[in-house]
Amino acid sequence: MKRNTWQREAVREALTSTEGFISAQALHLNLHETGSPIGLATVYRALADLAAEGDADSLQSPEGESLYRACTTGHHHHLICRNCGLTVEIEADEVEQWARAAAASHGFTQAQHVVDVFGLCANCTAKAARE
């Protein structure tokens, strides 16, 4: 476990107060707007550490950018709006069963997986239909 520095705590607090997923650059900008002198490289390291320890969710956007958000506990999956970024945590029992069966059928044990489903939320779908 990493030492809890003021920089790491500042990143944790900023992430906790952010709705949905955010990039390291955007979080860094938010921190600077509140007067924090924290560096971008420090934000990247803190986010990576938080994700590795299970305190933050991490995923790649469809464009390949790493995004982060404060994590709830336990294994879960996400529905993510490609337009507004709305994120909904979901349980997916069927995915869990499929992942275990697929791994076992190929002789794999201790398999892990990440499932993030990107689409348009109801509000963005309705807005697109009006336009």
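Which residue takes a positive phi in the hairpin of E4 and E5? That residue is Gly85, with a phi near 85 degrees, in a hairpin that has five residues between the strands. Keep Gly85 in mind as you look around this predicted model, as the residue comes up again with the pockets.

**Overall layout**

Let's start with the chain as a whole. The protein chain holds five helices and six strands, and from the N terminus on its elements follow the order α-β-α-α-β-β-β-β-α-β-α. Along its principal axes, the C-alpha trace spans about 50 × 50 × 25 Å. The chain has 131 residues, and 30% of them count as buried. Among contacts between residues at least 6 apart in sequence, 48% join residues at least 24 apart.

**Strands E4, E5 and E6**

Back to the hairpin, where strand E4 covers residues 77–81. E4 and strand E5 (residues 87–90) run antiparallel and are joined by four bridges; within this pairing, Ile80 has Thr87 of E5 as its bridge partner. E4 also pairs with strand E6 (residues 116–119), here in the parallel sense and again over four bridges. In that pairing, Leu79 is matched with Val117 of E6. E4 itself is mostly covered, with four of its five residues buried.

**The three-stranded sheet**

Elsewhere, three strands form an open sheet in the order E1-E3-E2, with antiparallel pairing. Strand E1 (22–23) and strand E2 (56–60) stand at the edges with a single partner strand each, so one side of each has no neighbour in the sheet. E1 is joined to strand E3 (residues 66–70) by two bridges, and the two run antiparallel. The bridge partner of Ser23 in E3 is Leu67.

**The nonpolar core**

In soluble globular proteins, nonpolar side chains tend to be buried together. Here the largest nonpolar core has 15 residues, and those with the most contacts inside it are Val11, Leu15, Leu27, Leu31, Ile38, Val43 and Leu47. Helix H1 (6–16), helix H2 (24–33) and helix H3 (40–52) each supply at least two residues of this core.

Leu15 is a good residue to click on. Leaving aside its neighbours within four places in sequence, Leu15 is in contact with Ile22, Leu27, Leu47, Ala56, Tyr68, Arg69 and Ala70.

**Two pockets**

The table sets out the two pockets by volume and by the make-up of their linings.

| Pocket | Volume | Nonpolar | Polar | Charged |
|---|---|---|---|---|
| Largest pocket | about 360 Å³ | six residues | eleven residues | two residues |
| Second largest pocket | about 200 Å³ | seven residues | four residues | two residues |

For the largest pocket, with about 360 Å³ of space, the lining consists of 19 residues, and Asp57, His75, His76, His113 and Val114 are the closest to its centre. E2 and E4 are the elements that give two or more residues to this lining, and E2 provides the largest share, four residues. E2 is thus named twice in this tour: as an edge strand of the open sheet and as a contributor to the largest pocket.

The second largest pocket is lined by 13 residues, and here Gly85 returns: Leu67, Ile80, Cys81, Arg82 and Gly85 lie nearest the centre. Several of these names are already familiar. Leu67 is the bridge partner of Ser23, Ile80 is paired with Thr87 of E5, and Gly85 is the hairpin residue with the positive phi.

Terms used:
Residues numbered from 1 in each chain as written. Predicted model: local features only at pLDDT ≥ 70, side-chain atom pairs only at ≥ 80, totals over all residues. Heavy atoms only, no water. Pairing = 2+ DSSP bridges. Core = buried A, V, L, I, M, F, W, Y, C linked by side-chain atoms within 4.5 Å. Buried < 20%, exposed > 50% of the residue type's maximum accessible area, 1.4 Å probe, protein only. Contact = heavy atoms within 4.5 Å. 1 Å grid on protein atoms, 1.4 Å probe; cavity = no way out; pocket = protein on both sides within 12 Å on 5 of 7 lines; lining within 4 Å. Points joined across faces, edges and corners; volume = space filled by probe spheres on them. Nonpolar A, V, L, I, M, F, W, Y, C, P; charged D, E, K, R; others polar.
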